[in-house]
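Here's a quick walk through a structure you may not have met before. Have a look at it first, then read on.

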Amino acid sequence: MSAKVSAGKQVFAIVKKDVLAELRTKEMVIAMLLFVILAMVVFSQAFAVILNDLDRVGGGLLWVAFLFMSMLGLNRSFVHEKDEGCLEGLLMSPIDRPLIFFGKMLGNLLFLSIVELFAVPIFFVLFRLELGASLAGIFVATIFLSNIGIACVGTLLSTISINTKTRDLMLPILFMPVIIPLLIAAVSATGGIMSGAELAEVYRSMRFIAVYDIIFLLVAYALYDYVISE
Amino acid sequence: MEFQEAWPYVVGVYMSIWAVLLIYVIVLQNKLAAVKRELGSLSKAVERKG
Amino acid sequence: MKKSSLILASAGALLLMAGVYLAFFVAPDTVVRIDDRELVQFSQKIFYFHVPVAETSFVFLVLGGLFGAMFLGTRKRSYEQMSYAAVEVGFIFVLLVMITGVLWTRAAWNVWWEWEPRLTTFLVLTLMYSGYFVLRSSVQEESAKARFGAIFSIIAAVNVPLTFVAGRLDSLKPVHPKVFTLQGASMEGPMLAAFLVSMFGMLLFATSLYIMRLDLLRAREDIEYLKEELEVG
């Protein structure tokens with residue numbers, strides 16, 4: 001048995017592995033970013049009527065794009081592990097099971113955040129939106145809070161869906177209904193910020209997102225062992 | 001809404017609840033009966049084998 | 001029919017019939033005043049069955065999640081069967097909520113669908129638990145099917161209250177004028193009695209359905225076992 005390695009180091013090792021693999025191939029982040037921008041273009045053309053009303057619908061538009069982009073990325077993140085036998089390797093390594101979850105989740109969170117770091121400014125430029133500095137801070141905080149929930153639920157469910165016959169078709173079916181509460185709150189918060197609603201309303205939605213994150217982090221922590229062990 | 005307009009929906013609600021529940025019961029009972037029959041023939045076959 | 005489920009089913013059915021009687025002939029009609037005219041709100045009678053159905057569905061979905069957790073904890077096959085049976089019975093009642101909810105929306109608001117928190121919650125529930133069955137059928141190996149089923153039944157049960165709370169959060173959605181409220185103040189004496197009798201009857205009937213479903217699952221398992229015996233024999 002290897003010497004005791006701290007939990008933080010174990011988690012970091014998994015994140016580092018995913019980042020290194022991504023740096024080598026660069027296939028995920030670039031594809032996800034392209035997907036988001038394309039989705040925005042499709043929306044702007046499909047819903048040209050609402051382009052005058054973007055203060056109110058822009059938030060929803062952004063989240064639909066992010067949601068589909070995140071599913072794309074989540075599917076990829078485990079297809080690799082499964083097809084190349086990495087998951088078996090991870091399972092055989094002396095890493096604690098729940099830590100595997102946090103490692104994979106943080107990796108997904110990192111990729112999501114990087115893509116959005118580029119996608120959000122592009123979104124604001126394309127749709128001619130503006131935010132003051134203080135509001136921009138709240139906006140970014142909302143997106144980051146939501147990312148935690150998306151990465152958490154997504155990592156948990158994509159580990160399940162990768163083990164089914166239909167695989168990448170299965171993830172949206174399981175993921176979307178479970179993520180809907182978070183989507184409602186995220187749309188409400190970002191939409192509220194952009195349309196100049198009262199900040200108390202926005203904070204209420206953000207609090208809900210935080211509660212959602214905590215609940216599903218606990219659920220995932222408790223259940224992940226059962227998901228990956230035969 | 002007054003009675004004349006509302007009653008079809010009220011009746012529809014009550015009927016649909018009974019209909020769905022009864023159909024579910026009947027399906028379950030049918031399946032149970034079939035399974036019991038199969039169980040009976042199987043256990044006889046096991047007995048014959050000793 | 002097994003004795004226990006027969007007794008439960010008939011007791012439930014009797015209570016439900018009593019509930020119908022109480023709802024239509026004993027409980028007072030609700031009256032709303034619109035422009036100085038008093039209108040009897042007949043569609044309110046739907047409440048006496050729709051809400052018990054909804055609450056029964058909640059009870060069984062939560063039970064499904066609890067049994068799922070117990071299966072993961074103990075690895076006893078019987079808990080997994082209990083979880084599956086509870087989720088399936090719960091799902092039947094979720095479908096009933098959808099049917100009756102749509103009819104009630106039409107009767108009360110004159111539209112077939114309204115994106116209102118409760119209806120939205122149940123639509124999401126319907127889709128989420130449909131996903132549960134699709135997931136189970138998409139896994140071949142029996143042990144993995146049981147494991148994933150139990151895990152998703154827990155996730156789904158946790159998500160039910162979250163969806164409901166989130167539905168009330170959205171400040172952007174247009175708020176439909178409430179035609180009537182279902183708050184306790186309006187529920188007294190005969191109304192409450194009619195409601196409780198229906199509620200209790202519905203729970204008993206659902207329990208009998210659950211027992212039947214569980215019997216079926218267990219009998220199937222026995223068959224599998226006997227088949228193996230024959231092959232090995």
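The largest cavity holds about 40 Å³ of space; a cavity is a set of points on a 1 Å grid over the protein atoms alone where a 1.4 Å probe fits but cannot get out, and its volume is the space filled by probe spheres set on the points. This is a predicted model, where local features need pLDDT of at least 70 and side-chain atom pairs count only at pLDDT 80 or more. Residues are numbered from 1 along each chain, and chains are lettered from A in the order in which they are written.

What lines the largest cavity? Met28(A), Met32(A), Ser70(A), Gly73(A), Leu74(A), Asn108(A), Phe111(A) and Leu112(A) do, each with an atom within 4 Å of a point. Helix 2 (27-46), helix 3 (54-83) and helix 5 (97-126) of chain A each give two or more residues to that lining; helices here are DSSP runs (H or I) of at least four residues.

Now for two chains meeting. The axes of helix 8 (residues 199-228) of chain A and helix 5 (residues 142-167) of chain C come within 10 Å and cross at roughly 175°. So helix 8 of chain A is roughly antiparallel to helix 5 of chain C (angles over 145 degrees count as such). Among the residues in contact (heavy atoms within 4.5 Å) are Phe208(A), Tyr212(A), Arg147(C) and Asn159(C).

The unreviewed UniProt entry places "transmembrane region" features in chain C, including these two:

| Residues of chain C | Helix | Strand | End C-alpha atoms apart |
|---|---|---|---|
| 46-72 | 96% | 0% | 39 Å |
| 189-211 | 100% | 0% | 33 Å |

Note on methods:
Heavy atoms only, no water. UniProt positions renumbered as here; feature names shortened; annotations may be inferred. 1 Å grid on protein atoms, 1.4 Å probe; cavity = no way out; pocket = protein on both sides within 12 Å on 5 of 7 lines; lining within 4 Å. Axes fitted to C-alpha atoms, helices over the stretch in contact; angles between N-to-C directions. Parallel < 35°, antiparallel > 145°, perpendicular 65-115°, else oblique.
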